[in-house]
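Visitor: I am new to reading structures, and I would like to know how each label is earned. Could you take me through this one slowly, setting each value against its rule?

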Amino acid sequence: MKWAAMMVSAKQQGRAKQKRRRRTQGILLLAALFLLVGGYGVWRYQGSWKAKAAEAAQSAQPAPKVPVTVATVQKTDFPLYFYGLGTVTPLNSVTISSRVTGVVTQVPVKQGQMVKQGDLLAEIDPGPYQAVLDQAKAKQTEDEATLKNSQVVLKRLSTLLQKTFETQQDVDNQQAVVNTTTAEIEGDKAAIEAAQLNLDYTKITSPLAGKTSFRTIDPGNIVQADQSPGLFTVVQLQPIYVSFTEPQEDIPTINKTFAAGPVSIDVLAPDMKTVLASGTLDAVQNQVDQTSGTISLKASFANRDQALWPGQSVNTRMRVGTVAGAIVVPDEAVQHGPDGLFAYVVGDDGKAHRQTIKTGPSDGGNTVVTDGLSPGQRVVSAGQYRLVDGTSVDPQPAPGAAQPSGAS
């Protein structure tokens, strides 16, 4: 019994030791957890404090300036233009054909060559036509000799008639011979002129100064009179026409401008800025094309540098007026907002201020401002997307900035 009691007491002591050990481990784990939580809290507090300190330091520094491109508001005479589409047409275009039949002996002009009026383009064999001319001249010489003899006989018969040795009938018959021979001589002269004309036609010359086309005949070929197609086409390049159209709504302005004096017309390159040629308005069509609702116009150009070519499609610009003393800014300076148009004006304080504006016509990359801006002010022309009213800016002039179109 004593041994059994000892065994029970030993088990109870072991259980007590296990409980004390578990309690100690729990206390240690709880202490470690408290230490971890406390360290994390201290770390978060320090991080938050540093962030707030950085924000405070940053807010204490001035905001960085926004780089923008600026342009100066100009006061200048602003030209008003109408734009159109046109086609270059030659002042004269001639198809060169042979007026006689024969063999082509030479074509001295090159294809596409510039020629002057009277230059030889081709020659037909003149031999047959020279022979016809010689025959006509010989016939005239023969008839003139016959006439001279007939006149001598008539004179003799007239003398004998006075002495009653000849009858009146003989004299009249001889007079008829003289008249007939005289008429034949007149016919001979006409034949000589016709033969000379045909002989001259064997030399084909240019009727105008211009540029030749590709030829359709070579030496050695036989050509017929007035055959189609011709041997060449010669087009006049200097001066030259441009035919173009404008909307029918612009007719009153066009007529008023045309009546006031010469109207300047420019032909523009595809970039709509480079001027290829400058001329003047020559004519306005007498009716509107009802199909397209446009009016046709024609302008002439000296074309000394041959910048314009027949058949070429071109852009035209017609000056119809001028806005004197206009306030002008680049197109990029005009911004669209929910309340209308505005521009950012850079003030003396170095900040961009939003300014409501009203605009007029626009052309050549510039816009007329009718209200809201004054000459000499600086407006932002690039970089507006980063701005609000009052933003500090670092203004830089536009590279290669030039005066607006029509500046004086």
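**How the labels are earned**

Guide: We can start at Gln285, which lies in the loop between β13 and β14; helices (H or I, at least four residues) and strands (E, at least two) are DSSP runs, numbered from the N terminus. The model is predicted, and for that reason local features need pLDDT of at least 70 and side-chain atom pairs count only at pLDDT 80 or more, while totals for chains, interfaces and linings use all residues. Residues are numbered from 1 along each chain as its sequence is written, and side-chain values use heavy atoms, with hydrogens and water left out.

Visitor: Why is Gln285 called partly exposed?

Guide: Buried means under 20% relative accessible area, exposed means over 50%, and partly exposed is in between (1.4 Å probe, protein chains only). Gln285 has 43% relative accessibility, so it counts as partly exposed.

Visitor: What makes Ser296 a neighbour of Gln285, when they are 11 residues apart along the chain?

Guide: Their C-alpha atoms are separated by 5.3 Å. Gln285 also touches Ile295 and Ser296, leaving aside residues up to four places away in sequence, where contact means heavy atoms within 4.5 Å.

Visitor: Which residues that are not glycines have a positive phi, and are they buried or exposed to some degree?

Guide: Met272, in the loop between β12 (264–268) and β13 (275–284), has a positive phi of about 65 degrees although it is not a glycine. Asn303, in the loop between β14 (294–301) and β15 (313–330), has a positive phi of about 55 degrees, and it is not a glycine either. Met272 has 34% relative accessibility and therefore counts as partly exposed, whereas Asn303, at 4%, counts as buried.

Visitor: How do you know which form the peptide bond from Gln238 to Pro239 takes?

Guide: Its omega is near -5 degrees, and the bond is cis. Pro239 is found in the loop between β10 (232–235) and β11 (240–247).

Visitor: Why is Glu123 called buried?

Guide: Glu123 is found in strand β6 (residues 120–124), and its relative accessible area is 10%, so it is buried.

Visitor: What makes polar contacts with the side chain of Glu123?

Guide: A polar contact is a pair of N or O atoms within 3.5 Å; within protein, one must be able to donate a hydrogen and the other to accept it, and residues adjacent in sequence count only if both atoms are side-chain atoms. The side chains of Glu123 and Gln106 are joined by such a contact at 2.4 Å, and another, at 3.0 Å, links the side chains of Glu123 and Lys203. Among the residues that Glu123 touches, not counting those up to four places away in sequence, are also Val103, Val104, Thr105 and Thr202.

Visitor: Why are the rings of Phe342 and Tyr344 called a pair, and of what kind?

Guide: Rings of Phe, Tyr and Trp (its six-membered ring) pair if their centres lie within 6.5 Å; planes under 30 degrees apart count as stacked, over 60 as edge-to-face and the rest as tilted. By this rule the count comes to 2 aromatic pairs. For Phe342 and Tyr344 the ring centres are 5.5 Å apart and the planes stand at 90 degrees, so this pair is edge-to-face. Both Phe342 and Tyr344 are buried.

Visitor: How do you know that Arg354 and Arg317 lie over ring faces?

Guide: A charge sits over a ring if NZ of Lys or CZ of Arg is within 6 Å of the ring centre and within 35 degrees of the ring normal. Arg354 lies over the face of Phe342, at 3.8 Å from the ring centre, and Arg317 lies over the face of Tyr81, at 4.3 Å. Arg317 lies in strand β15 and, at 12% relative accessibility, therefore counts as buried. The residues that Arg317 touches include Phe82, Tyr83, Asp266 and Val275, with those up to four places away in sequence not counted.

Visitor: How do you know what span is expected for helix α2?

Guide: The expected span is 1.5 Å times one less than the number of residues. Helix α2 (residues 127–162) has 36 residues and reaches 53 Å from its first C-alpha to its last, close to the 52 Å expected. Its buried residues include Tyr129, Leu133 and Leu157, and what covers the buried residues of α2 includes α3 (168–201).
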